[in-house]
Amino acid sequence: MEILDQSIAAEVADKLLEIQAIRLQPEKPFTWASGWKSPIYCDNRLSLSFPEVRNMIKNSLVDSVTHFFQNVEAIAGVATAGIPQGALIANELGLPFIYVRSKPKGHGMENMIEGKVTPGQKVVVVEDLVSTGGSSLKAAEDLKNAGFDVLGMVAIFSYGFEVAAQNFANAGVKLVCLSHYDALLPIAVKRNYVSSEMLESLAEWRKDPGSWKQ
(Lines give C-alpha, C1' and ligand atoms only; values in the text may rest on other atoms or scores of the structure.)
Protein backbone atom coordinates (compact mmCIF):
# COMPACT_ATOMS: atom_id res chain seq x y z
CA MET A 1 0.00 0.00 0.00
CA GLU A 2 1.14 3.52 -0.81
CA ILE A 3 -0.17 6.88 0.34
CA LEU A 4 -0.16 10.25 -1.37
CA ASP A 5 1.15 12.24 1.59
CA GLN A 6 1.53 11.77 5.37
CA SER A 7 -0.11 15.12 6.13
CA ILE A 8 -3.12 14.19 3.98
CA ALA A 9 -3.34 10.82 5.76
CA ALA A 10 -3.52 12.64 9.11
CA GLU A 11 -6.04 15.21 7.85
CA VAL A 12 -8.35 12.57 6.37
CA ALA A 13 -8.21 10.52 9.59
CA ASP A 14 -8.99 13.63 11.63
CA LYS A 15 -12.00 14.55 9.47
CA LEU A 16 -13.38 11.00 9.44
CA LEU A 17 -13.22 10.93 13.24
CA GLU A 18 -14.79 14.37 13.48
CA ILE A 19 -17.86 13.42 11.42
CA GLN A 20 -18.02 9.97 13.08
CA ALA A 21 -17.41 8.12 9.84
CA ILE A 22 -14.80 6.32 11.94
CA ARG A 23 -15.73 5.29 15.48
CA LEU A 24 -13.35 3.83 18.04
CA GLN A 25 -14.78 1.80 20.91
CA PRO A 26 -12.07 -0.51 22.30
CA GLU A 27 -14.00 -0.98 25.55
CA LYS A 28 -17.27 -1.78 23.76
CA PRO A 29 -16.19 -3.38 20.48
CA PHE A 30 -18.24 -3.76 17.34
CA THR A 31 -18.98 -7.16 15.79
CA TRP A 32 -18.21 -7.44 12.09
CA ALA A 33 -20.11 -9.70 9.68
CA SER A 34 -17.14 -12.07 9.85
CA GLY A 35 -17.70 -12.47 13.59
CA TRP A 36 -14.53 -10.54 14.46
CA LYS A 37 -14.68 -8.26 17.47
CA SER A 38 -13.36 -4.86 16.44
CA PRO A 39 -12.54 -1.63 18.30
CA ILE A 40 -13.16 0.33 15.11
CA TYR A 41 -16.05 0.84 12.74
CA CYS A 42 -15.62 2.75 9.49
CA ASP A 43 -18.42 4.02 7.24
CA ASN A 44 -16.90 6.52 4.83
CA ARG A 45 -20.24 7.00 3.07
CA LEU A 46 -21.01 9.52 5.81
CA SER A 47 -18.44 11.85 4.25
CA LEU A 48 -20.82 12.39 1.34
CA SER A 49 -23.16 14.29 3.66
CA PHE A 50 -20.47 16.83 4.60
CA PRO A 51 -19.56 19.00 1.57
CA GLU A 52 -16.24 20.24 2.96
CA VAL A 53 -15.07 16.72 3.83
CA ARG A 54 -16.50 15.30 0.61
CA ASN A 55 -14.56 17.81 -1.49
CA MET A 56 -11.35 17.30 0.47
CA ILE A 57 -11.57 13.52 -0.06
CA LYS A 58 -12.53 13.94 -3.72
CA ASN A 59 -9.59 16.27 -4.41
CA SER A 60 -7.15 13.99 -2.61
CA LEU A 61 -8.38 10.94 -4.52
CA VAL A 62 -8.07 12.88 -7.80
CA ASP A 63 -4.51 13.83 -6.87
CA SER A 64 -3.76 10.18 -6.05
CA VAL A 65 -5.06 9.00 -9.41
CA THR A 66 -3.14 11.61 -11.40
CA HIS A 67 0.07 11.08 -9.41
CA PHE A 68 0.22 7.28 -9.40
CA PHE A 69 -1.73 6.37 -12.56
CA GLN A 70 -0.94 8.97 -15.22
CA ASN A 71 -2.22 6.80 -18.11
CA VAL A 72 -5.72 6.34 -16.69
CA GLU A 73 -8.51 6.32 -19.28
CA ALA A 74 -11.54 5.45 -17.11
CA ILE A 75 -12.64 5.20 -13.48
CA ALA A 76 -14.45 2.18 -12.01
CA GLY A 77 -16.32 2.28 -8.70
CA VAL A 78 -16.87 -0.80 -6.55
CA ALA A 79 -20.52 -1.23 -5.52
CA THR A 80 -21.84 0.24 -3.48
CA ALA A 81 -19.71 2.68 -1.50
CA GLY A 82 -17.13 3.15 -4.27
CA ILE A 83 -19.76 4.31 -6.76
CA PRO A 84 -20.29 7.92 -5.58
CA GLN A 85 -16.58 8.44 -4.91
CA GLY A 86 -15.69 7.06 -8.32
CA ALA A 87 -18.31 9.19 -10.08
CA LEU A 88 -16.96 12.32 -8.37
CA ILE A 89 -13.41 11.50 -9.48
CA ALA A 90 -14.43 10.67 -13.06
CA ASN A 91 -16.39 13.90 -13.34
CA GLU A 92 -13.46 15.96 -12.03
CA LEU A 93 -11.05 14.30 -14.49
CA GLY A 94 -13.47 14.29 -17.43
CA LEU A 95 -13.18 10.50 -17.77
CA PRO A 96 -15.69 7.72 -18.46
CA PHE A 97 -17.18 6.08 -15.37
CA ILE A 98 -18.33 2.50 -14.83
CA TYR A 99 -19.09 0.47 -11.75
CA VAL A 100 -18.75 -3.17 -10.74
CA ARG A 101 -21.55 -5.08 -9.04
CA SER A 102 -20.90 -7.62 -6.29
CA LYS A 103 -22.89 -10.12 -8.36
CA PRO A 104 -24.52 -10.02 -11.80
CA LYS A 105 -27.78 -8.11 -12.17
CA GLY A 106 -30.61 -10.61 -11.75
CA HIS A 107 -32.61 -9.54 -14.80
CA GLY A 108 -32.34 -7.77 -18.15
CA MET A 109 -28.78 -7.90 -19.48
CA GLU A 110 -27.56 -9.49 -16.21
CA ASN A 111 -24.57 -7.15 -16.19
CA MET A 112 -21.70 -7.46 -13.75
CA ILE A 113 -20.23 -4.17 -14.99
CA GLU A 114 -22.51 -1.18 -15.55
CA GLY A 115 -21.48 1.35 -18.18
CA LYS A 116 -19.64 1.04 -21.47
CA VAL A 117 -17.23 -1.90 -21.52
CA THR A 118 -14.17 -1.03 -23.61
CA PRO A 119 -11.63 -3.87 -23.77
CA GLY A 120 -8.06 -2.63 -23.41
CA GLN A 121 -9.11 0.59 -21.65
CA LYS A 122 -6.82 1.55 -18.76
CA VAL A 123 -8.92 1.80 -15.62
CA VAL A 124 -8.37 2.78 -11.98
CA VAL A 125 -10.66 1.15 -9.42
CA VAL A 126 -12.13 3.21 -6.56
CA GLU A 127 -13.00 1.82 -3.12
CA ASP A 128 -13.98 3.61 0.07
CA LEU A 129 -12.51 1.08 2.53
CA VAL A 130 -10.05 -1.81 2.33
CA SER A 131 -10.05 -4.51 5.00
CA THR A 132 -8.76 -7.88 3.75
CA GLY A 133 -9.13 -6.79 0.13
CA GLY A 134 -11.33 -9.70 -0.90
CA SER A 135 -14.30 -7.85 -2.39
CA SER A 136 -12.10 -5.09 -3.80
CA LEU A 137 -9.85 -7.53 -5.63
CA LYS A 138 -12.85 -9.48 -6.91
CA ALA A 139 -14.02 -6.28 -8.61
CA ALA A 140 -10.57 -5.79 -10.12
CA GLU A 141 -10.62 -9.38 -11.39
CA ASP A 142 -14.09 -8.92 -12.91
CA LEU A 143 -12.78 -5.87 -14.78
CA LYS A 144 -9.77 -7.81 -16.06
CA ASN A 145 -12.03 -10.64 -17.19
CA ALA A 146 -14.09 -8.09 -19.15
CA GLY A 147 -10.94 -6.97 -20.98
CA PHE A 148 -9.96 -3.86 -19.02
CA ASP A 149 -6.35 -3.04 -18.19
CA VAL A 150 -6.50 -2.46 -14.41
CA LEU A 151 -3.78 0.03 -13.46
CA GLY A 152 -4.51 -0.12 -9.74
CA MET A 153 -6.88 0.95 -6.98
CA VAL A 154 -7.39 4.03 -4.82
CA ALA A 155 -9.26 4.00 -1.50
CA ILE A 156 -10.09 6.42 1.30
CA PHE A 157 -9.00 4.24 4.24
CA SER A 158 -7.27 0.93 4.96
CA TYR A 159 -6.98 -1.02 8.20
CA GLY A 160 -3.51 -2.04 7.07
CA PHE A 161 -3.93 -5.78 7.63
CA GLU A 162 -0.96 -7.87 6.53
CA VAL A 163 -3.34 -10.26 4.78
CA ALA A 164 -4.56 -7.37 2.61
CA ALA A 165 -0.99 -6.47 1.61
CA GLN A 166 -0.39 -10.11 0.66
CA ASN A 167 -3.64 -10.35 -1.29
CA PHE A 168 -2.94 -7.21 -3.32
CA ALA A 169 0.65 -8.32 -3.99
CA ASN A 170 -0.51 -11.77 -5.12
CA ALA A 171 -3.11 -10.20 -7.42
CA GLY A 172 -0.57 -7.75 -8.86
CA VAL A 173 -2.82 -4.76 -8.06
CA LYS A 174 -1.25 -1.52 -6.83
CA LEU A 175 -3.14 -0.01 -3.88
CA VAL A 176 -3.04 3.68 -2.92
CA CYS A 177 -4.92 4.87 0.19
CA LEU A 178 -5.52 8.37 1.49
CA SER A 179 -5.29 7.28 5.12
CA HIS A 180 -4.80 4.17 7.25
CA TYR A 181 -4.95 2.74 10.75
CA ASP A 182 -1.42 3.79 11.74
CA ALA A 183 -2.17 7.41 10.79
CA LEU A 184 -5.46 7.28 12.68
CA LEU A 185 -4.25 6.24 16.15
CA PRO A 186 -2.10 9.30 17.01
CA ILE A 187 -4.93 11.59 15.89
CA ALA A 188 -7.45 9.64 17.99
CA VAL A 189 -5.28 10.06 21.09
CA LYS A 190 -4.62 13.73 20.37
CA ARG A 191 -8.36 14.44 19.98
CA ASN A 192 -9.20 12.37 23.10
CA TYR A 193 -11.25 9.78 21.25
CA VAL A 194 -9.17 7.11 23.02
CA SER A 195 -6.60 7.19 25.80
CA SER A 196 -2.90 6.55 25.26
CA GLU A 197 -3.26 3.50 27.55
CA MET A 198 -5.51 1.88 24.94
CA LEU A 199 -2.91 2.07 22.15
CA GLU A 200 -1.34 -1.30 22.91
CA SER A 201 -4.69 -3.07 22.69
CA LEU A 202 -5.56 -1.20 19.49
CA ALA A 203 -2.22 -2.18 17.96
CA GLU A 204 -2.76 -5.82 18.96
CA TRP A 205 -6.14 -5.89 17.21
CA ARG A 206 -4.60 -4.93 13.89
CA LYS A 207 -1.98 -7.71 14.22
CA ASP A 208 -4.53 -10.47 14.94
CA PRO A 209 -8.14 -9.27 14.65
CA GLY A 210 -9.55 -12.79 14.67
CA SER A 211 -8.43 -13.52 18.23
CA TRP A 212 -8.30 -10.01 19.69
CA LYS A 213 -9.66 -9.47 23.19
CA GLN A 214 -10.47 -5.94 24.30
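This section describes a predicted model, beginning with one helix and its neighbouring strands and then turning to salt bridges and the nonpolar core.

Helix α4 covers residues 134-145 and contains 12 residues. At 1.5 Å a residue, a helix of this length should span 16 Å, and the end C-alpha atoms of α4 are indeed 16 Å apart, so the expected and computed values agree. Several residues of α4 are buried, namely Ser136, Leu137, Ala139, Ala140, Asp142 and Leu143. These buried residues pack against five strands and one helix: β6 (74-78), β7 (97-100), β8 (113-114), β9 (122-130), β10 (149-158) and α5 (162-171). After α4 comes Gly147, which has a positive phi near 105°.

Strand β9 is mostly covered, with 8 of its 9 residues buried. On one side of the pairing scheme, β9 is joined to β6 by 4 bridges, and the two strands run parallel. Within this pair, Ala74 has Val123 of β9 as its bridge partner. Strand β9 is also joined to β10, again in parallel, by 8 bridges. Here Val125 is partnered by Met153 of β10. Together with the helix described above, these elements form a β-α-β unit: β9, α4 and β10 make up the unit, and its handedness is right-handed.

The whole structure contains 10 salt bridges. One of them lies within α4, between Lys138 and Asp142, with the closest N and O atoms 3.0 Å apart. The two residues are 4 residues apart in the helix, which means that about one helical turn separates them. Their surroundings can be compared through accessibility. Lys138 has a relative accessibility of 39% and therefore counts as partly exposed, whereas Asp142, with a relative accessible area of 15%, is buried.

A second salt bridge is found in helix α1 (residues 6-18). It joins Lys15 to Glu18, and the closest N and O atoms are 3.8 Å apart. Because Lys15 and Glu18 are 3 residues apart in α1, they too are separated by about one helical turn. Lys15 has a relative accessible area of 19%; the limit for a buried residue is under 20%, so Lys15 is buried.

A third salt bridge connects Glu92 with Lys58, the closest N and O atoms being 3.3 Å apart. This pair links distant parts of the chain, with Glu92 in helix α3 (residues 82-93) and Lys58 in helix α2 (residues 51-68), 34 residues apart. Glu92 is partly exposed, at a relative accessible area of 44%. Lys58, by contrast, has 13% relative accessibility and so counts as buried.

The last topic is the nonpolar core. In soluble globular proteins, nonpolar side chains tend to be buried together. In this model, the largest nonpolar core has 67 residues, and those with the most contacts inside it are Ile40, Leu143, Phe157, Tyr159 and Leu184. Helix α2 provides the largest share of this core, 7 residues. Leu143 also appears among the buried residues of α4. Apart from neighbours within four places in sequence, Ile40 is in contact with Ile22, Arg23, Leu24, Phe30, Trp32, Phe157, Tyr159, Tyr181, Leu184 and Trp205. Among these contacts, Phe157, Tyr159 and Leu184 are also listed with Ile40 as residues having the most contacts inside the core.

Methods
Residues numbered from 1 in each chain as written. Predicted model: local features only at pLDDT ≥ 70, side-chain atom pairs only at ≥ 80, totals over all residues. Heavy atoms only, no water. Expected span 1.5 Å × (residues − 1). Buried < 20%, exposed > 50% of the residue type's maximum accessible area, 1.4 Å probe, protein only. Contact = heavy atoms within 4.5 Å. Salt bridge = Lys/Arg side-chain N within 4 Å of Asp/Glu carboxyl O. Pairing = 2+ DSSP bridges. Right-handed = clockwise from strand over helix to strand, strands pointing away. Core = buried A, V, L, I, M, F, W, Y, C linked by side-chain atoms within 4.5 Å.
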